[in-house]
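Trainee: I should like to go through one strand and the sheet around it. May we begin from the model itself?

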Amino acid sequence: MASTASYVETQSRSGAFWGLLVLGGLFMLAALGAFLYFEHNGHIVTGMDNQIVWGIPHVFAVFLIVAASGVLNVASIGSVFGKPVYKARAPLSGLLALAMMAGGLAVLAADLGRPDRLIVAMTHFNFKSIFALNMMFYSGFFAIVSAYLVTMMDRSLNDYSKVMGFLAFFWRLALTTATGSIFGFLIARTAYGSAIMAPMFIIYSFAYGLAAFLIVQGSMYAWNKVQLDEGVLTRMKNLLAVFIGAALYFTAVMHLTSLYFAKQIDYERFLLLDGGIHTTMFWLGQVVIGGIVPLALIFTAGRSQTRVIAASVLVVLGGLAQMYVTIVSGQAFPLEIFPGYAATSSFQDGIINVYSPTLGEFALGFGGIALAFLITVIAVRVLRFLPQDDFAALKAGND
Amino acid sequence: MSDNKDGVSRRGFLATSAAALGGIALAPGIRLVEIAAAKPDDEPVSSKVRWGMLIDTTRCQTGCTDCVSACNKENGLGEVTKPRTNAQWIRKIDLTDLKTDHALSLPMMCQHCANPPCVDVCPTGASFKRADGIVLVDRHTCIGCRYCMMACPYKARSFVHEPHTDQKPEVPRGQGCVEGCTLCVHRVDRGGTPACVEACAAAGHNAMMFGDLNNPESEISKRIREVKTTQVRADLKLDLGVRYEGI
């Protein structure tokens, strides 16, 4: 009885477990419906068009992919930098990384114009394309993180976990560099085409990943009625604060640099001052909700885990706002084909592009989160992914 | 015997000449040029040729959309009823200089870059450049990710947002794929010229010239040598196949 203390807790609430599965399943069903609807009718039934070619599905997909690589950091701090507190959380971190990556990629694939040609994407590679490189990084991520998990969870292979941890750490850094470069390599658009995109995405991933981890960890502790060690909470919340601060710093540097270039000023004015929804998403979403308020919550949290989790939820919301700003606002601003001229045409030249996302696009995006959620809930139920320090203590207490 | 043979030969020559003269008289002049430049179907395109276009904005008429209509008709795109989602391979842009108020109008389409960003970013290699400089999309390997649309500095690409019927056999299109100006490759490969160029000439504007940029004797090469021409967003150094005069 005692040896399965943590399972006893979950099994005793198997009704609630099935409830979670149904909840996740409903979101998945909605996403499946949206996918079939788009696939059958074409993207005409979405809010996306020839100007805003990437919309809400991409906001969710890129967020999940970036957060997936970031959530693995918890494991890396344990394995690569040898911190025991983080090492105990490494399996959960690896599981979340796989689950979120799967969620993000599923959304990305479901939004393709020809999702039936996914096999083409996996068999035809243009090695000059950063997008193709990303696909290889994503596949490798699954393989490496899975192997890393096995070395952590199979005691006979524990000796290899440090090596795999290193490999996973460097792979995820390369992966996020490549994800940021999807935008960094776009030469033509004012909002993109900057080398800062790569390191900035890495810093964003640290913040979003840790926030996601803290939310899941907090929920699991609450579910099992276990109190998170105060020392652990303090360390993790302080780390989150450092990541949020660094994310704000990179964002500030990018915009200050842009403000210095005369050719970028119109875009900066649009985003920072008079861009309507885009300005709101930036200042209120990314900066205030995703940065300043979480920082305030963390620094006033004291011993309150609730405040830390609230801060983490806000970081995730701010992260989605940041992705909206990066992806949608960057396209909304007109492409400057003839600098120095005012342009008009039947193809929306010279105007701010309007994007009205449909419910189906949100359904697809939330479907990605639901997929990550379901993978996590099921995996935690059947395998020992919970942080082993506190749960070992719980087990000892039950003994 | 020998005389007789000569006689047959002479008769044959006369008959052939008569047929040829008749053909010349009946066929439009342009057709002869097409036959002369046509490439056999089994012969690969050659990098000795670089197809390109020169657009004289001083001749391009504001309000005239003949090139656009011709493109839509030739490629089976139909009329633009939904400007946000309909494919627009070529569009007219009206420009006004912000400092001087100088106004001009010009057609904008795929610039058939020598270093095309769409080809660089395409994950599957569906976006590709032919040896003769024409940038195309392989409809069999395009997965509809739209990254090329993000990358194109000229907004030259459209995504097919809806199912399509009554396609032109020579211009296959498909829902969920990205497409753009092909320089009317199906005409060019038979020695013809793009539909937009033909329409512009038919309207009497002659603002669009098509030809081989690699051939120093071609009309387009001569013209580019004579007058100042511009590559749009030349700062990007993409080495465009389409050049503009008068901007």
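The exchange below concerns a sheet in chain B and its surroundings.

Mentor: This is a predicted model, in which local features need pLDDT of at least 70, side-chain atom pairs count only at pLDDT 80 or more, and totals for chains, interfaces and linings use all residues. Residues are numbered from 1 along each chain as its sequence is written, with chains lettered from A and ligands numbered from 1 in the order in which they are written.

Trainee: What is the strand order of the open sheet in chain B?

Mentor: Strands (E, at least two residues) and helices (H or I, at least four) are DSSP runs, numbered from the N terminus; two strands pair if DSSP finds at least two bridges between them. Strand β1 (residues 51–56) of chain B runs parallel to β10(B), with 4 bridges, while β9 (residues 229–230) of chain B pairs with β10(B) in the antiparallel sense over 2 bridges. The pairing is mixed, and the order is β8-β1-β10-β9.

Trainee: Which residue of β10(B) is the bridge partner of D56(B)?

Mentor: M53(B) has V242(B) as its bridge partner in β10(B), and T230(B) stands opposite Y244(B). For D56(B), the partner is E245(B).

Trainee: Are the residues on the two sides of β10(B) buried or exposed?

Mentor: A residue is buried if 20 or more other C-beta atoms, placed from the backbone, lie within 10 Å of its own, exposed if 12 or fewer, and partly exposed in between. V242(B) and Y244(B) lie on one side, R243(B) and E245(B) on the other, and all are buried.
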